[in-house]
There are 4 protein chains.
Amino acid sequence: MKHIRENIGFHDSQNKRQQILEAAYAVFSSKGYHRATVDEIIALADTGKGTVYNYFVNKEQLFYTLIKECSMPFQVIIEGIVNSSEPPLEKVETIIKAFLEFYAKHANLWRVMMHEVRGFGAAGSSNFTQEQLDKYQVCFCETIGMIEKVLLEAQSKGLIRESCDATQAAHGLFSVIVTFVFRDFVGENIGKTAHTIADLFLYGAVER
Amino acid sequence: MKHIRENIGFHDSQNKRQQILEAAYAVFSSKGYHRATVDEIIALADTGKGTVYNYFVNKEQLFYTLIKECSMPFQVIIEGIVNSSEPPLEKVETIIKAFLEFYAKHANLWRVMMHEVRGFGAAGSSNFTQEQLDKYQVCFCETIGMIEKVLLEAQSKGLIRESCDATQAAHGLFSVIVTFVFRDFVGENIGKTAHTIADLFLYGAVER
Amino acid sequence: MKHIRENIGFHDSQNKRQQILEAAYAVFSSKGYHRATVDEIIALADTGKGTVYNYFVNKEQLFYTLIKECSMPFQVIIEGIVNSSEPPLEKVETIIKAFLEFYAKHANLWRVMMHEVRGFGAAGSSNFTQEQLDKYQVCFCETIGMIEKVLLEAQSKGLIRESCDATQAAHGLFSVIVTFVFRDFVGENIGKTAHTIADLFLYGAVER
Amino acid sequence: MKHIRENIGFHDSQNKRQQILEAAYAVFSSKGYHRATVDEIIALADTGKGTVYNYFVNKEQLFYTLIKECSMPFQVIIEGIVNSSEPPLEKVETIIKAFLEFYAKHANLWRVMMHEVRGFGAAGSSNFTQEQLDKYQVCFCETIGMIEKVLLEAQSKGLIRESCDATQAAHGLFSVIVTFVFRDFVGENIGKTAHTIADLFLYGAVER
DNA sequence: CATGAATGAGTATTCATTCAT
DNA sequence: GATGAATGAATACTCATTCAT
């Protein structure tokens with residue numbers, strides 16, 4: 001009896017948090033950060049306004065939690081790829097595929113996050129403090145860093161030209177991946193799209 | 001006498017319009033669309049609030065006018081490049097350079113525009129209607145189309161692989177350009193950066 | 001065994017109530033009524049939120065209980081003074097001293113109470129109902145009444161002028177005492193301060 | 001025609017400000033600072049919410065403006081009294097009368113102001129910042145200072161005992177005045193009440 | 001009795017837009 | 001045309017209180 005009640009209790013409270021997160025995911029994804037209102041989130045989560053503030057300190061922290069919980073498992077996956085023993089050039093394609101899969105899944109939310117964070121140099125230009133912006137920056141800068149690691153490994157083995165700046169190439173590759181996702185260039189066969197990108201990146205567009 | 005007064009009147013009017021546009025450019029560029037307030041714009045333009053609404057129907061249309069007036073001369077330039085008789089592969093580098101120059105100049109405003117517009121499929125997700133969003137989309141889709149044209153020309157002359165989808169490649173190239181600008185990868189020597197990008201795009205990252 | 005557990009239970013209960021009252025004393029004293037939150041009180045009392053509502057019907061009644069429990073022993077003391085056989089004019093100084101001692105001890109809490117209650121004629125002006133306000137009014141009106149009693153005794157013995165309205169004089173004397181406390185005019189030697197006030201009140205400021 | 005229109009324009013805009021101030025006076029006076037809502041003020045002022053914020057930066061500054069505009073003419077009056085050539089002891093009664101008149105008129109608003117400001121040593125205990133509190137403190141500390149000045153003048157002429165601390169006496173006298181006002185001890189004949197207070201203060205309560 | 005998760009009424013403030021002068 | 005006073009819809013966040021366990 002006891003553990004059942006406790007379980008219910010546990011699930012109940014976890015449910016509220018989960019319901020809020022799911023509602024927030026939906027609302028932020030479709031409305032963007034600014035146009036997403038707490039009122040809409042609680043309506044969707046079927047909860048009271050105060051409940052949101054029991055679990056999250058404010059709207060921004062709710063958003064951040066969402067981002068974090070989404071990217072966490074992804075981080076694990078790409079670290080696995082980076083540290084695998086796959087040949088470097090194949091690793092490039094594998095990691096592209098992982099990115100495509102992740103971004104395709106969370107395209108809308110990520111679009112919003114990048115809306116708020118990316119490329120905004122001047123502080124005060126968004127509603128976030130510089131400190132907050134930094135938190136988010138870390139989030140995808142780390143993942144871009146993973147691409148860079150793979151490129152550096154390939155370079156160290158003489159497979160990629162020394163003239164190619166790994167940091168710049170990683171950012172470029174990342175932006176192409178994002179563009180493909182946001183432009184709906186990713187068909188049903190993600191593997192094929194990954195191959196297309198990898199092929200273009202590695203061997204160039206020129207006919208030989 | 002009369003035509004002088006009218007001229008003054010005319011100039012005054014144009015001045016007001018111009019002052020507002022210049023102030024709007026500064027404010028939108030530094031604050032982004034949402035955080036830019038009409039109050040701040042009129043303060044900088046040294047004009048009255050109502051005056052803004054004499055020349056522009058609302059904030060959004062003011063922003064759009066700004067975007068339009070900035071991109072117009074750029075459109076002319078790249079059309080000149082596209083229609084020139086330069087060899088196709090060199091034309092790729094030339095057009096990349098033109099993009100870098102333009103985006104570097106208007107980096108902040110464009111960043112803001114893309115913030116608001118890019119990848120936002122669902123209407124109601126920004127403060128803009130779908131119709132409005134489309135207007136902006138056209139703006140840079142047309143320019144991406146110019147890149148595509150250059151690639152197609154090169155393809156038709158057998159210089160670029162048939163397996164390379166021109167539309168996708170153009171979007172990818174475009175996103176890399178934008179990334180370089182927003183990430184401040186563009187040094188003082190824009191020509192060199194253009195060459196770096198073109199080289200990577202055309203010949204790939206792999207060591208031969 | 002059983003009565004021990006019950007005793008513990010009993011003490012636990014009383015402890016909880018006492019802990020809450022002590023925490024409430026600290027929080028109300030330092031934050032004032034409105035800015036004192038139940039959350040802060042339970043944090044300090046190391047108890048659950050519901051527990052507060054087991055012992056007190058609401059925040060206001062908790063506050064009232066506090067006021068009551070503080071003033072009760074004071075009431076006893078001044079009644080002792082009033083009913084003592086001390087000569088009336090000396091009694092004035094003695095009662096002033098008692099007031100100074102009490103108010104100095106509970107200065108902060110009393111300040112808060114008077115903030116909420118004092119002089120608020122119209123109901124709805126504070127968070128308290130008129131009925132609630134009256135309860136508090138009674139609290140210090142009764143003590144002012146004690147001063148009045150002493151003055152009336154002195155008057156009946158011809159020691160104080162008939163032209164002096166005892167009620168008004170009592171209120172005036174009371175307000176001076178309170179002012180001395182709140183303005184920190186009370187030095188270490190409370191007896192001396194009491195003498196200063198009594199002397200001024202009884203013999204006036206004029207040089208003779 | 002022109003100056004008429006301008007006058008109307010002038011009056012219109014001044015009217016709004018005035019309407020808001022009058023409404024704020026009524027609402028703050030009857031509800032106190034915290035329970036006074038901007039909504040209630042605009043309802044009474046028959047104006048839009050934004051209008052309030054066109055004239056006043058926020059609720060607190062609206063309140064402060066009210067206090068300032070009320071006390072300004074009073075300051076002038078008591079300075080006139082202090083600097084007059086009236087005999088010092090009569091000046092005491094005159095200034096008491098001025099205080100009674102002012103406080104009787106603005107009793108409710110002043111009650112509220114003192115609620116928020118007076119005697120609150122610990123910062124953070126009210127909703128006002130320490131800086132804001134200081135502004136208000138100055139307001140009535142200056143007026144108490146005026147009483148002190150009168151007492152010092154009398155003292156310098158040997159009319160008031162040296163043993164009587166002017167600062168303490170001024171505060172005491174002030175508190176008595178306030179108490180008389182708040183307790184409704186001030187009858188229709190303010191002059192008589194002023195005399196009662198002055199007489200008690202100067203000559204004491206003791207029968208001679 | 002003790003607990004704390006859930007609740008929602010209540011509120012100051014911002015800012016694009018209008019319109020009378 | 002130029003102006004700016006007036007407007008009010010829209011929104012994040014707090015906190016006393018309840019009640020199921």
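Helix H6 of chain D, residues 107-117, is mostly covered, with nine of its eleven residues buried. Here, buried means that 20 or more other C-beta atoms, placed from the backbone, lie within 10 Å of the residue's own. Helices are DSSP runs of H or I with at least four residues, numbered from the N terminus. The buried positions in H6(D) include Trp110(D), Arg111(D), Met113(D) and Glu116(D). Asn108(D), Leu109(D) and His115(D) are also among them.

This is a predicted model: local features need pLDDT of at least 70, side-chain atom pairs count only at pLDDT 80 or more, and totals for chains, interfaces and linings use all residues. Residues are numbered from 1 along each chain as its sequence is written, while chains are lettered from A and ligands numbered from 1 in the order in which they are written.

**Chains A and B**

Between these chains, 35 residues of chain B are in contact with 34 residues of chain A. Contact means that the C-beta atoms of two residues, placed from the backbone, lie within 7 Å. On the chain B side, helices H1 (2-35), H6 (107-117), H8 (166-182) and H9 (190-203) each supply at least two residues. H8(B) gives the most, with nine residues. By class, that side holds 15 nonpolar, 14 polar and six charged residues. Nonpolar covers Ala, Val, Leu, Ile, Met, Phe, Trp, Tyr, Cys and Pro; charged covers Asp, Glu, Lys and Arg; the others, Gly among them, are polar.

Of the interface residues of chain B, 97% are also interface residues in chain A, so the copies meet through the same surface.

**Symmetry**

Copies are superposed by least squares on the C-alpha atoms of residues with pLDDT of at least 70 in both.

| Superposition | Rotation | Shift along axis | RMSD |
|---|---|---|---|
| Chain B on chain A | 178° | 0.1 Å | 0.3 Å |
| Chain C on chain D | 178° | 0.2 Å | 0.3 Å |

Chains C and D are thus related as by a two-fold rotation axis. In chain C, the C-alpha of Gly204(C) is nearest the axis, 1.7 Å from it. For chain B, the residue closest to the rotation axis is Gly204(B), at 1.7 Å (C-alpha). Of the interface residues of chain C, 92% are also interface residues in chain D, so these copies meet through the same surface.

**DNA strands**

DNA strand E is surrounded by 36 residues; Lys16(A), Gly48(A), Gly50(A), Gly48(C) and Gly50(C) are the closest. Near means a C-beta atom, placed from the backbone, within 6 Å of the strand. The surface near strand E has four nonpolar, 19 polar and 13 charged residues.

Around DNA strand F there are 36 residues, of which Gly48(B), Gly50(B), Lys16(D), Gly48(D) and Gly50(D) come nearest. The surface near strand F divides into four nonpolar, 19 polar and 13 charged.

Conventions. A residue is buried if 20 or more other C-beta atoms lie within 10 Å of its own, exposed if 12 or fewer, and partly exposed in between; C-beta atoms are placed from the backbone.
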